Amino acid sequence: MAQWRKGSPGEVYSPQEIEERLRSELPAWYYEDGWIRRKYRTSGWKSTLMVVNTVGHLAEAAWHHPDLTVSYAFVIVKLVNHAAKGVTDKDFALARKIEEVVGWRPGSEGSVLEGTPDDPRFAYIKYDHDAPG
């Protein structure tokens with residue numbers, strides 16, 4: 001994987017650099033209208049709220065705040081560095097952390113934490129391999 005870092009923390013990536021970086025680092029994310037974005041599909045309202053609260057906690061801790069679109073069974077996260085007027089390393093760093101935490105599946109990593117049961121009654125996130133786009 002390529003080592004990315006612009007010259008200064010607020011330096012903006014070009015659209016081509018953003019697309020390349022998303023392909024290599026965050027393949028579920030996409031670039032549109034100046035933002036990097038990710039749609040998280042959930043099993044319903046309770047799961048949607050858990051995703052929103054998780055993203056909110058991470059964003060507040062990072063002091064870098066996304067725009068969110070929230071519906072019954074999905075959350076769209078949009079990131080851009082408003083001060084820099086474009087996508088910067090801060091956006092990629094927060095996107096990686098959101099992806100890591102929201103997509104965490106302890107049962108698949110051999111953890112003593114088994115993760116949610118494989119039962120629709122306990123569905124939470126619709127992981128990328130569970131449902132198309």
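Which side chains meet in a salt bridge with an N to O distance of 2.8 Å? The side chains of Asp-89 and Arg-21 do so. The legends below describe this pair and other close-up views of a predicted model.

**Figure 1. A salt bridge between Asp-89 and Arg-21 links two helices of the predicted model.** The side chains of Asp-89 and Arg-21 meet at 2.8 Å, N to O. Asp-89 belongs to helix α3 (residues 89-102) and Arg-21 to helix α1, so the pair ties together parts that lie 68 residues apart in sequence. Both Asp-89 and Arg-21 are buried. Side chains of opposite charge can pair when their charged atoms come close.

**Figure 2. Glu-25 and Arg-21 form a salt bridge within helix α1.** The N to O distance of this salt bridge is 2.7 Å. Both residues lie in α1 (residues 15-25), where they are four residues apart, about one turn of the helix. Glu-25 is buried, as is Arg-21.

**Figure 3. Asp-119 and Arg-121 meet in a salt bridge.** The side chains of Asp-119 and Arg-121 are joined at 2.7 Å, N to O. Asp-119 has a relative accessibility of 22% and therefore counts as partly exposed. Arg-121 is exposed, with a relative accessible area of 66%. Elsewhere, salt bridges that share partners join Arg-21, Glu-25, Asp-89 and Arg-96 into one network. A search of the whole structure finds eight salt bridges.

**Figure 4. Helix α2 has a buried face and an exposed side.** This helix has 18 residues and reaches 26 Å from its first C-alpha to its last, close to the 26 Å expected at 1.5 Å a residue. Ser-47, Thr-48, Val-51, Val-52, Val-55, Leu-58 and Ala-59 of α2 are buried. Seen down the axis of α2, the buried residues fall within an arc of 140°, so they line one face of the helix. The cover over the buried residues of α2 includes β2 (35-41), β3, β4 and α3. On the other side of α2, Lys-46, Asn-53, His-57 and Ala-61 are exposed. Trp-63 follows α2 and has a positive phi, near 55°.

**Figure 5. Five residues make a nonpolar surface patch.** Trp-45, Leu-49, Leu-68, Val-70 and Tyr-72 together form this patch of about 460 Å². Helix α2 (45-62) and strand β3 (67-71) each supply at least two of the patch residues. Tyr-72 is placed in the loop between β3 and β4 (74-79). With a relative accessible area of 53%, Tyr-72 lies over the 50% cut-off and is therefore exposed.

**Figure 6. Gly-107 and its contacts in the segment after α3.** Gly-107 is located in the segment after helix α3. The relative accessible area of Gly-107 is 45%, so this residue is partly exposed. Leaving aside residues up to four places away in sequence, Gly-107 touches Leu-113, Glu-114 and Gly-115. Gly-107 and Pro-117 are 10 residues apart in sequence, and their C-alpha atoms are 9.0 Å apart in space.

Technical notes: Residues are numbered from 1 along each chain as its sequence is written. This is a predicted model: local features need pLDDT of at least 70, side-chain atom pairs count only at pLDDT 80 or more; totals for chains, interfaces and linings use all residues. Side-chain values use heavy atoms; hydrogens and water are left out. Patches are made of residues with over 30% relative accessible area and no salt bridge: like charges are joined within 9 Å, nonpolar side chains (Val, Leu, Ile, Met, Phe, Trp, Tyr) within 5 Å. Accessible areas come from the Shrake-Rupley method with a 1.4 Å probe; for residues, only the protein chains shown count as cover. A salt bridge is a side-chain nitrogen of Lys or Arg within 4 Å of a carboxyl oxygen of Asp or Glu. Buried means under 20% relative accessible area, exposed over 50%, partly exposed in between (1.4 Å probe, protein chains only). The expected span of a helix is 1.5 Å times one less than its number of residues. The arc is that of the directions from the helix axis to the C-beta atoms. Contact means heavy atoms within 4.5 Å.
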